[in-house]
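The following note is offered to a colleague who is beginning to read protein structures. Please keep the structure in view while working through the numbered points.

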Amino acid sequence: MIYFDHNATTPIRPEVLHAMEPYQTRAFGNPSSIHAAGRQARAAIDVARAQVAVLIGASSDEVQFTSGGTEADNWALHGRHCVTTSTVEHPAVLRAAEALQQGGARVQFVAVGPDGRLDPAAVLDAIDSDETDLVSLILANNETGTVQPLAEIGSVLRQRGIPFHIDAVQACGKIPVDVEMLGADLLSLSAHKINGPKGVGALYVRHGTALSPLMHGGGHAQGLRAGTENVAGIVGFGAAATLRLQELAADGLRLTALRDRLRAGLMAAIEDVVLNGSQAHCLPGTLNLSFRRIESESILLGLDMEGIAVSGGSACAAGSAVPSHVLLAMGIEPRLASGAVRFSLGYGNDADQVDRVIAVLPPIVARLRALSVY
Ligand SMILES: Cc1ncc(COP(=O)(O)O)c(C=O)c1O
């Protein structure tokens with residue numbers, strides 16, 4: 001299989017699995033227990049907390065582990081009354097914001113330009129500083145890879161004392177993410193996007209940031225999040241974070257070169273292909289292309305039959321014929337949005353795989369276009 005769907009999820013690296021293994025078997029203690037087995041589990045969590053904190057330039061005690069990026073996003077928005085966000089957020093933020101609206105909160109959705117980027121001035125203009133108790137924005141889009149100019153927004157929000165949540169689930173471990181440089185008060189992370197296990201993530205909570213618990217129960221995490229910790233998952237997250245930090249610069253260059261090779265090869269071999277998102281401000285491994293006169297599902301299936309895994313729009317929207325809300329928000333016409341394919345490269349991908357996709361896709365597109373009714 002050629003796996004070009006790393007924005008959906010990633011394989012667990014062997015080093016990560018190795019680090020997790022003892023905590024699935026012999027080191028099974030409950031981190032809240034005071035005996036030796038419990039203390040061993042607690043110590044492992046503390047190491048992982050430090051490893052995740054370093055990845056984002058935070059202190060260890062500002063990292064709260066969660067069940068993933070979705071919980072971290074929901075937690076950040078929980079209990080807010082006046083929120084400013086954007087039209088290109090992940091559903092974890094969009095749906096949480098809509099739920100707040102249904103409960104009577106005010107929510108503003110700021111629009112993006114045709115390249116999917118936010119204008120910092122437009123975001124700041126949309127904020128009613130007397131009322132706003134959260135601005136929540138995505139750093140790198142999961143569908144297009146477009147990276148937003150959040151540091152510019154964050155510095156103004158800090159001056160104005162408005163809490164700032166950043167969904168950095170796709171950005172973290174792929175481009176440098178630093179909570180100080182971004183001016184973040186809250187920041188969401190997820191392990192399975194960086195070759196860690198599924199079902200574990202984190203919310204960075206700057207010292208002094210107001211946050212109400214989402215989970216009530218025992219007094220875990222100083223009463224902020226009840227529930228016995230997913231020790232092995234957290235250990236795996238820490239190990240994955242360390243590897244990403246070590247390899248960030250080299251991997252960024254490697255994946256950018258592979259992504260550019262894929263884009264150039266496909267655009268040279270296939271007519272009527274449109275690049276979605278910002279070319280200048282994009283995650284290293286992400287490429288989103290629309291193929292005119294074809295539905296992305298047909299391309300996905302054609303590639304799947306050749307053992308190549310890609311995605312159309314976001315994973316959550318896959319299987320439904322609804323064009324991506326992100327592409328529609330960028331002003332892309334629905335038909336073109338329906339032909340969008342996301343290639344997301346990562347660990348284990350190489351130039352031979354890219355060349356194979358460049359060889360396999362043009363005949364698939366030609367065949368589908370020959371059958372196309374529009
Ligand atoms: C930008 C973004 N935010 C949040 C999430 C949700 O993360 P998780 O799958 O860990 O719940 C995802 C996952 O696709 C994502 O891409």
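1. The note begins with one pair of residues in neighbouring strands: Leu-289 has Val-341 as its bridge partner in strand S12. The model in which this pair is found is a predicted one. S12 covers residues 340–344, and S10 and S12 are joined in the antiparallel sense by 5 bridges.

2. Strand S10 also pairs with strand S9. S9 consists of residues 273–275, and the two strands are antiparallel, with 3 bridges between them. Leu-289 appears here as well, since Leu-275 stands opposite Leu-289 in S10.

3. These pairings may now be read as one sheet. The sheet is open, has 3 strands in the order S9-S10-S12, and is paired in the antiparallel sense. S9 and S12 are its edge strands, each pairing on one side only. From one strand to the next, the twist averages 30°.

4. The surroundings of S10 deserve attention. Which residues of S10 are buried on each side? On one side they are Thr-286, Asn-288 and Ser-290, and on the other Leu-287, Leu-289 and Phe-291, so that both faces are covered. In a regular strand, side chains alternate between the two faces of the sheet. In total, 6 of the 6 residues of S10 (residues 286–291) are buried. Helix H8, made of residues 231–269, lies across S9, S10 and S12 and runs at about 15° to S10.

5. Strand S5 invites a similar reading. S5 spans residues 134–138, and 5 of its 5 residues are buried. Leu-134, Ser-136 and Ile-138 are buried on one side, and Val-135 and Leu-137 are buried on the other. Both faces of S5 are thus covered.

6. The partners of S5 run parallel to it. Strand S3, residues 82–86, is joined to S5 by 2 bridges in a parallel arrangement; within this pairing, Val-83 has Leu-134 as its bridge partner in S5. Strand S6, residues 164–167, pairs with S5 in the parallel sense over 4 bridges. Here the partner of Val-135 is Phe-164 in S6.

7. Two helices form a further point of interest. Helix H3 and helix H4 (residues 91–102) pack with their axes 9 Å apart and at an angle of about 35°. Their crossing is right-handed. On the H3 side the contact is made by Gly-69, Thr-70, Asp-73, Asn-74 and Leu-77, and on the H4 side by Ala-92, Val-93, Ala-96, Ala-97 and Leu-100. The residues of this contact comprise 6 nonpolar, 3 polar and 1 charged.

8. Helix H3 is also concerned with the ligand. Which element gives the most residues to the shell around the ligand? It is H3 (residues 69–77), which gives 3. The ligand has 14 residues around it, of which Gly-68, Gly-69, Thr-70, Asn-142 and Ser-190 come nearest. By kind, the shell contains 3 nonpolar, 9 polar and 2 charged residues.

9. Is Val-112 buried or exposed? A residue counts as buried if 20 or more other C-beta atoms lie within 10 Å of its own; Val-112 has 22, and is therefore buried. Val-112 is placed in the loop between strand S4 (106–110) and helix H5 (120–126). Leaving aside residues up to four places away in sequence, Val-112 touches Ser-86, Thr-87, Val-88, Arg-117, Leu-118, Ala-329 and Met-330. Val-112 and Ala-122 are 10 residues apart in sequence, and their C-alpha atoms are 9.1 Å apart in space.

10. Leu-303 may be judged by the same cut-off. Leu-303 has 20 C-beta neighbours inside 10 Å and so counts as buried. This residue lies in helix H9, residues 296–305. Leu-303 touches Ile-308, Val-310, Val-360, Leu-361 and Ile-364, when residues up to four places away in sequence are not counted. Leu-303 and Asn-7 are 296 residues apart in sequence, yet 17 Å apart in space from C-alpha to C-alpha.

How values were computed: Residues numbered from 1 in each chain as written. Predicted model: local features only at pLDDT ≥ 70, side-chain atom pairs only at ≥ 80, totals over all residues. Near = placed C-beta within 6 Å. Nonpolar A, V, L, I, M, F, W, Y, C, P; charged D, E, K, R; others polar. Axes fitted to C-alpha atoms, helices over the stretch in contact; angles between N-to-C directions. Left-handed = near helix turned anticlockwise from the far one by under 90°. Contact = placed C-beta atoms within 7 Å. Buried ≥ 20, exposed ≤ 12 C-beta atoms within 10 Å, placed from the backbone. Pairing = 2+ DSSP bridges.
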